[in-house]
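Let's take a walk through this one, starting with its cysteines and ending with a pair of helices. Have the viewer open as you read.

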Amino acid sequence: MSKRLRSSEVCADCSVPAAVDIGTVAERHKSTGNTDLRSKKDPRWASVNRGVLICDECCSVHRSLGRHSSQVRHLTHTPWPATQLQMVQTLYGNGANSIWEHSLLDPASIMSGKRKANPQDKVHPNKAEFIRAKYQLLAFVHRMPCREEDSVTAKDLSKQLHSSVRTGNLETCLRLLSLGAQANFFHPEKGNTPLHVAAKAGQILQAELLTVYGADPGAPDASGKTPIDCARQAGHQDLADRLVEIQYELTDRLAFYLCGRKPDHKSGQHFIIPQMADRHISLDLSELAKAAKKKLQSLSNHLFEELAMDVYDEVDRRETDAVWLATQNHSTLVTETTVVPFLPVNPEYSSTRNQGRQKLARFNAHEFATLVIDILSDAKRRQLGSSVSSPKENVELILKNIGSRHGSESQDNDQPDYDSVASDEDTELEPSSVKTNRAKSVDSDLSDGPITVQEFMEVKNALTASEAKIHQLMKVNSNLSDELRLMQKKASKLEKQSSMPDSDYDNTPNDSELDDTGCNRKGKLRTSGWHGEGSIPELEQDPEAEPDSTLPSTEDVIRKTEQITKNIQELLRAAQEDKHDSFIPCSERIHIAVTEMAALFPKKPRSEMVRASLRLLTSSAYRLQSECKKTLPVESGPDADMQLVTQQVIQCAYDIAKAAKQLVTITTKENSN
């Protein structure tokens, strides 16, 4: 059977047809930079390291596998390097999917009961089980005999890869990589790696494939030359420039996540270190903060690289989640299985590292941005070989005002809000010498003072309490005068409305709830929004109210969610086009839609999940309004950094979409019971 089986215009995993093939998408991207040609039923996602296109349903399973199994990118809502998109296009068009489904092409597989998933199958368990077998277990990949007495070994496969990358045959190299060839293999006779060979030959698509599988653009050959040097000496300047971008991909991605900019490597700029938008706040830098920063800087290069890679994966998860929520039809795919709330378990990592990776999802936007900035700063310091500096460091921003509160933590460090992770006993297939060496390496690195997971979580928990208090005080300060006027107007009408029933989430005060100045001390008006991140307002307004288990209809919740999503998409378009003057109108429309959605639910929902989702929904809508107001010109003092404000706005919009999605999921499940 031909190796070039055409898989175009269908999902690689379930064969859902596409209206537009990837070649047309690539041509559109090349000419206009726009790839938005596909309908919601098309395979709109690509698995970069597998060289296939997948539909929304199958993508939800791919995302749950983790980047170590499948690196997914949206074809139209994710920025693509042109040559990387071309690489995926070439693999996809030349039948790369047959590599992952080799044994299924054998007629005997039909007799044995093996079959591919189809569009009518349920996502769980049918499609999910097939996709896991296909990409995690590699159950259908053609296996060469690899017994000890056989001549075909991983080393031989790597030598074949070394020879093949000088040609343009991408699918051959992908097949070798799928069988175990090493992208960073150093050829003992040739004195270089496959990436050196591809760079000399000007094979930019081969270079893209190799780097996706971990090839290092900065690795020296026997004469000390890197693949970048080889490409330049051979006259392939575009390839050399692309390899430089790949070499700094981690720090570039982190910088772009925060401020929407990447360094200009051609001019010699390799790092961008953004500053926090709220840097004007006076900070009380505690001894604990200084100690934490010192421990971060004292990490060995190996452990620092692991931390940076984990944060990179978390950035990818958050950005992919934002694209996912913005592109989904909320009347479908509403089960919990479509959500990736934290990084999936990587069985190659220790249980401690997997737990630490998953706890990154607990960081709010400000905390995570601060961590990213600190990693960028220390990466630059290590790259330049600079000594550790002692001025006010960014990590201290997230540790402010916690010295006195360190003993009164409010969170449980051991809260099991993450997957059960692979224990060390689960890695029996790993050679004992490798496990011993890895354990010794980690133990030795931690013994001389680097920050531990326990210390890190203690700092984060203390930070959570201080951040909540700061936000609460800032909101009270900025909204007190408006609240006073609204409460006084409401109080004047209170007697006339005394016979009217309370509406959902309409926190109308009574006489006993007004202090001497007329301020409402227990709740805020529904028309003014919810201005706190604490408990739901009605819980404070009427603690004696009976919990109500009734929920609105799924159709009403979906309709309001789609309205919220539409407004969020308008906001994201404005952010992409730098139309900052559109932020406030968009945030007001989102706030109205959120208020209307909250009004669908009972005053005091019985379900804690409903209450938590409503808190996240409304507090995020308020934070979004506050962030959007920063785009207004300031009479005195410096203007806010618009790029950082934009990043905060996008994060708030993501939190709103996430909360709305949770409410759709809850109501769908409860109403179907």
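A disulfide here is a pair of cysteine sulfur atoms within 2.5 Å. Keep that cut-off in mind, and keep in mind too that this is a predicted model.

With that in hand, look at Cys652. The cysteine sulfur closest to that of Cys652 belongs to Cys628, and the two are 7.9 Å apart, so they are too far from each other for a bond. Cys652 is also buried, at 1% relative accessibility.

Across the structure, the disulfide count is zero. Cys586 fits that picture: it takes part in no disulfide, and its nearest cysteine sulfur, again in Cys628, sits 7.8 Å away. Cys586 is buried as well, because its relative accessible area is 4%, and buried means under 20%.

Now to the helices. H22 covers residues 583-598 and H24 covers residues 642-672; their axes come within 12 Å and cross at roughly 20 degrees. Angles under 35 degrees count as roughly parallel, which means H22 runs roughly parallel to H24. As for handedness, H22 passes H24 in a left-handed crossing.

Which residues make the contact? On the H22 side they are Phe583, Ile590, Val594 and Met597, while H24 brings in Thr646, Val649, Ile656, Ala660 and Leu663. Sort them by class and you get eight nonpolar residues, one polar residue and no charged ones in the contact of H22 with H24. The polar one is Thr646.

Technical notes: Residues numbered from 1 in each chain as written. Predicted model: local features only at pLDDT ≥ 70, side-chain atom pairs only at ≥ 80, totals over all residues. Heavy atoms only, no water. Axes fitted to C-alpha atoms, helices over the stretch in contact; angles between N-to-C directions. Helix = DSSP H or I, 4+ residues; strand = E, 2+ residues; numbered from the N terminus. Parallel < 35°, antiparallel > 145°, perpendicular 65-115°, else oblique. Left-handed = near helix turned anticlockwise from the far one by under 90°. Contact = heavy atoms within 4.5 Å. Buried < 20%, exposed > 50% of the residue type's maximum accessible area, 1.4 Å probe, protein only.
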